[in-house]
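User: Please take me through the strand pairing and the nonpolar core of the model below.

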Amino acid sequence: IMRPFDLNPYMIKNGKMLCKREDMNIDKSAKRNGANIHVVDDESEFYAEDCPKIMFKIEEDKIDEIMEYAKSKIKDGFTAFKTQPIMLEFADRRTNKANALREYSKYSGIPVEDVMSFGDMTNDNGLLKVSGIGVCLKNGGEDTKGCADYITEFTNNEDGMARFVLDHKIISQV
């Protein structure tokens, strides 16, 4: 699906960051994730075993157009979504935060209606919808803001979540 764009797909498997080529984005991601970089000899290495997701860094002014293209070509059972303003991910449709919250709710006995969740990008949309209260950070995507019950006055870089929790007296300052 993504070949026409000559992007650099990557995924993390067994402590390795598999990629088509090493670049600045790969170096930064590998360092942040504590992964060793492995440039694949052949694309088939990406698919030799199951992996929860494959990621692409895309210029911010192109990501929405490429995401729409990808969604129109994607196969059943998979989904494409933004997780950062410049990151597009593909994953199994069942691998999402809303399903994780539902499972946690069953395990913990805490009803999803009693959960407040925070998010800022498309991959958080289902989580915000299923939670009792969904909050989007000020710097969140428009689609994510549309899923939220509240939008913070501050971005994630301005401690938007913490300020929201304190300002709305959800917990008291320690």
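User: Which residue of S6 is the bridge partner of Lys 82?

Analyst: This is a predicted model, in which local features need pLDDT of at least 70 and side-chain atom pairs count only at pLDDT 80 or more, while totals for chains, interfaces and linings use all residues. Residues are numbered from 1 along each chain as its sequence is written, and side-chain values use heavy atoms, with hydrogens and water left out. S5 and S6 pair in the antiparallel sense over six bridges; strands pair if DSSP finds at least two bridges between them, and a strand is a DSSP run (E) of at least two residues, a helix one (H or I) of at least four, numbered from the N terminus. In S6, Lys 82 is bridged to Leu 88.

User: Is Ile 86 buried, partly exposed or exposed?

Analyst: Ile 86 lies in the loop between S5 (78-84) and S6. Buried means under 20% relative accessible area and exposed over 50%, with partly exposed in between (1.4 Å probe, protein chains only). At 29% relative accessibility, Ile 86 is therefore partly exposed.

User: Which element gives the most residues to the largest nonpolar core?

Analyst: A nonpolar core is a set of buried Ala, Val, Leu, Ile, Met, Phe, Trp, Tyr and Cys residues joined through side-chain atoms within 4.5 Å. The largest has 17 residues, of which Met 2, Phe 56, Ile 58, Leu 88 and Phe 90 touch the most other members. S4 (53-57), H2 (60-73) and S6 (87-92) each supply at least two residues of this core. The top contributor, with four residues, is H2.
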